[in-house]
Amino acid sequence: MKNNGAGRPLPLDGIRVVDFSQVMMGPCCTQMLGDYGADVIKIERGPYGDLSRWSVGDDPDGGNNPVFASLNRNKRSVVIDLKSESGRNAAIALIQTADVVVNNFRPGVMERMGLGYEDVRAINPGIVYACGTGFGLGGPNVRKGGQDVLAQAMSGAMERRADDSVPLSIYPTALADYAAGMHLVQGILLALLQRQGTGEGQQVSVSLFDSMLAMQMQEAAMWMMRGKELNWAAMPLSGVFDTEDGAIVMIGAFKQNPLREICKALNLEDLSLQDKFANLEVQRENRAEIQEVFRRSFAAGTTEHWLSRLEEVDILCAPVVSLGEALADPQTAYNRMVADMEPTANGPVRVVASPISMSDAPFQVRHQPPRLGQDTAAVLSECELQRADPA
């Protein structure tokens, strides 16, 4: 059993994951499992492998571009032609030694290759068979292609904005992929825990659509139970406001009279004394007017000035920064959220580390993001040895 470098085993040491997934939802799941000890064997098709190896176009590091590197550390790459008999036999041999199988193909693809859940369970009853899909394993949209942006749109998330004057747009971070990937991690771990008691595996399924609905649990409950819209971005005393040198976000909530405190910070008369702003209900009705007052005030000072003023009266606020600024923030360094790996001839390999901090299982990179097929011979050889001598 391997250990984490501090003399203790990692939480998932001894767990083998055969990973057929690609792009983001599946790979971010299996990377998390690999980060904490699982032996993740990434099955790729030649000659190009995972689609994310080439999704950014030409890159100095080719198939190990930054997008691929960000999702595939702590894995080993094996190239197998699953359409050939020999390739399918190799996949079955690996599955026989595995604890978990992961795929994010459309429903029916693994079954057509003879690698569906029932096929796999027949040869390995203890397998945890994890499926990531766009819309689920059945239902009216089962054949529809699943993708992050489509899930944003079809779950209702894309339609909700701070106000109707804001154009509909694609959120620029893959919310559905990441959420579904983390839900898939949770499902796998739950199934592994249950297997400890029953000795049996099971199928785990997560979809982009379901994960986006789950992220809106508060809003959904309000709509289903009261028939009302709940939109945190449209709260009357909250918003994003331009300053002289940038922008600031303010959350006017969690206080008995936040408007009074905001007015104090902005050097305004206490608007909460006016009937049209006296409580949350009328503040909602007059949101446009009060937001315009805030906009004019914030535009007359610097971000640093307004942060100081708002924090003096304990109103939640923060500067709006770029991703580059966030990565350079001292808090990012303190939290060890950047992982430096072995550089290539084209420069450093730096990615975001695991957001989970464990005192007895610190995050570390045990395997660089693999070159396509670099571990094929070694993994298949190990598999033959294990099958020949299970002990």
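**The second largest pocket**

Colleague: What volume does the second largest pocket have?
Modeller: The second largest pocket has a volume of about 1,200 Å³. A pocket here is an open set of points on a 1 Å grid over the protein atoms alone, where a 1.4 Å probe fits, with protein on both sides within 12 Å along at least five of seven lines. The volume is the space filled by probe spheres set on the points, which are joined across faces, edges and corners.

Colleague: Which residues are the closest to its centre?
Modeller: R160, R161, A162, N231 and A233, out of 36 lining residues. Lining residues have an atom within 4 Å of a point.

Colleague: Is this a predicted model, and what are the ground rules?
Modeller: This is a predicted model, where local features need pLDDT of at least 70, side-chain atom pairs count only at pLDDT 80 or more, and totals for chains, interfaces and linings use all residues. Residues are numbered from 1 along each chain as its sequence is written, and side-chain values use heavy atoms, with hydrogens and water left out.

Colleague: Back to the pocket. Which element gives the most to the lining?
Modeller: α12, with four residues. Helices (H or I, at least four residues) and strands (E, at least two) are DSSP runs, numbered from the N terminus.

Colleague: And the chain overall, how many helices and strands?
Modeller: The protein chain has 16 helices and eleven strands. Its C-alpha atoms fill a box of roughly 80 × 50 × 45 Å along the principal axes.

Colleague: How much of it is buried?
Modeller: 43% of the 391 residues, buried being under 20% relative accessible area with a 1.4 Å probe, protein chains only.

Conventions: Buried < 20%, exposed > 50% of the residue type's maximum accessible area, 1.4 Å probe, protein only.
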